[in-house]
Amino acid sequence: MGKYGEFIECVDNELIFDGVKCTDLAKEYGTPLFVISENTLRASIRTFHDAFQSRYPGEVLTCVGLKSNYGLAMRRIVATEKGAGGEAFGLGELYSALVTGTDPEKIVMNGCNKLPEILRAAIDAGITVNLDTYGEVCRVESLAKEMGKKLNVAVRCRLPLKKVDLEHYVDPRYASGVDGAEWERTFKFGNEPNQALKSIEHCLKSPYLNLVGAMYHGGIPRRVGFHVEELEELLEVLKMAKDKTGWEPEMVDIGGGFTPVRYGNEFIYPSLERYAADITDVFIRKCAEYQMKLPKLILEPGRFCVEKAGMFLTRVGLRKEDHEVTNRKWVYVDGNTNEMGDPFDAQNRFHYIVVANNTSAPDEEVVDVCGQLCSADDVLAKQRKISAVKEGDLLAFLDMGAYMESFGNNANAMPRSATVIVSNGRAALARRRETVQDIFARDVIPYWLLGVGK
């Protein structure tokens, strides 16, 4: 394994990603540029899936979250991995999953207030829909009846998390800390326990809904290590449903929130091995205790599977030094934070930086690496110690596969970057570079404004 990852090497002072020199990529495709490694993505998915499947007697399905990266080339790789599927929000992500060949039986859909056109598409496609409210149970039932089809559904739960009550912790993203139980209780998704039971009972009576399971997403409590407590509470709710109706879930979807071990900060999340051992043990132990059949276990990792598969290449431009007012150095690049807007940002805006054309250069100066946006917060790396770079050098920001592209925007009407896929020494365009014309392609000037000033 290389210094920065299994498929990242430093050879003759050059950074090589999945067999391709980063300098060659920048020369052929320009910068800024996203680069996705097929082999890293496949390895990450297999590592995650195997960690759970090797410990679980039942079936495990890894529904890689599309919101982390819905690019078609990336999703095609996911679709061809054994044991992998997709978790979608809305029509766009569902399209991405289906058009890239994902088996509909391996697609789950989440979201609140799913509109009729979204639900019709889900019913047509034959995927499983996680129902967010009792009102949605009624809405989807009506649409399925109208279409003459039966839909697989699961009821999404929101829990009080009594065992985690008043547990306050500090995450790098929350300066003053956060109460995990309060976060989950006020989370906008899911049915509270009594509403979940009402939804389950309704689904069981409906000729148009096939109730296959339940869903719960751990989020913040899971990141800090309360994954056992939350799932014990979920299984208690499912036991109540069994006692009341006789129904047992064929599958339980426990969502995502499996953050890789963090770097650049002392805060450490639970390891994948701990998550897998603890979670599979909870299901095996509690299902035996409650005399429930062991359900198919569905997981929705996004970041864990795709983050390390991507890097962001950006070219150094001008430099600036201030020795009178603030004693600070700035290095300007052609990449911008409009493509680094990870809304979940478990790394707290810390990504390793490698000088791709001079990998052996020592870190010797502290700088702000800045973009070109009209924003004081357009800083890709703040007060970071890096090599003494010069104009024309190529910087590689590592672990950029998750959420960067999918949440990128056009601040300052800035065109977004191209994306290439690399694999065993090959490279191919996966998303073309955006143009200024692309940015304004949806704009229309009302006719009466065209004559203003004449």
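1. In this predicted model, Gly126 follows immediately after helix α5 and adopts a positive phi of about 80 degrees. The helix that precedes Gly126 spans residues 116-125, and the next points examine how α5 is placed.

2. Which residues of α5 are buried? They are Ile118, Leu119, Ala122 and Ile123. Around the helix axis these four residues cover an arc of only 135 degrees, which means that they lie on the same side of α5. The elements that cover them include two helices, α4 (90-99) and α6 (134-147), together with the strands β7 (107-110), β8 (128-131) and β9 (151-156).

3. The pairing of α5 with α6 deserves a closer description. Two packed helices are described by the angle between their axes and the distance between those axes. For α5 and α6, the axes come within 10 Å and cross at roughly 55 degrees. The two helices are therefore oblique to each other, and α5 passes α6 in a right-handed crossing. On the α5 side, the contact is made by Pro116, Leu119, Arg120, Ile123 and Asp124; on the α6 side, by Arg139, Val140, Leu143, Ala144, Glu146 and Met147. By residue class, this contact contains seven nonpolar residues, four charged residues and no polar ones. Leu119 and Ile123 thus appear both among the buried residues of α5 and among the residues that touch α6.

4. A second helix pair may be read in the same manner. Helix α2 (residues 38-53) and helix α3 (residues 72-79) have axes that come within 10 Å and cross at roughly 45 degrees. Their relation is therefore oblique, and the crossing of α2 past α3 is right-handed. From α2, the residues in contact are Glu38, Leu41, Arg42 and Ile45; from α3, they are Met74, Ile77 and Val78. Five of the residues in this contact are nonpolar and two are charged, while none is polar.

5. Some backbone features merit attention. Most residues other than glycine have a negative phi, and most peptide bonds are trans. Against that background, the peptide bond joining Thr31 and Pro32 is cis, with omega about -5 degrees. Pro32 is located in the loop between α1 (22-29) and β4 (33-37).

6. Where is Gln383 found? Gln383 belongs to strand β19 (residues 379-386). Its phi is near 45 degrees, a positive value in a residue that is not glycine. Gln383 has a relative accessibility of 39% and therefore counts as partly exposed.

7. Is Tyr403 buried or exposed? Tyr403 has a relative accessible area of 7%, and because buried means under 20%, Tyr403 is buried. Although Tyr403 is not a glycine, its phi is positive, at about 70 degrees. Tyr403 is placed in the loop between β20 (394-397) and β21 (418-423).

8. A final point concerns distance along the chain and through space. Ala277 is part of helix α11 (residues 272-289), and with a relative accessibility of 31% Ala277 counts as partly exposed. In sequence, Ala277 and Asp393 are 116 residues apart; in space, their C-alpha atoms are 44 Å apart.

Conventions
Residues are numbered from 1 along each chain as its sequence is written. This is a predicted model: local features need pLDDT of at least 70, side-chain atom pairs count only at pLDDT 80 or more; totals for chains, interfaces and linings use all residues. Side-chain values use heavy atoms; hydrogens and water are left out. Axes are lines fitted to C-alpha atoms, for helices over the stretch in contact, and angles run from 0 to 180 degrees between N-to-C directions. Angles under 35 degrees count as roughly parallel, over 145 as roughly antiparallel, 65 to 115 as roughly perpendicular and the rest as oblique. A crossing is left-handed if the near helix is turned anticlockwise from the far one by less than a right angle, and right-handed if clockwise. Contact means heavy atoms within 4.5 Å. Ala, Val, Leu, Ile, Met, Phe, Trp, Tyr, Cys and Pro count as nonpolar, Asp, Glu, Lys and Arg as charged, and the others, Gly among them, as polar. Buried means under 20% relative accessible area, exposed over 50%, partly exposed in between (1.4 Å probe, protein chains only). The arc is that of the directions from the helix axis to the C-beta atoms.
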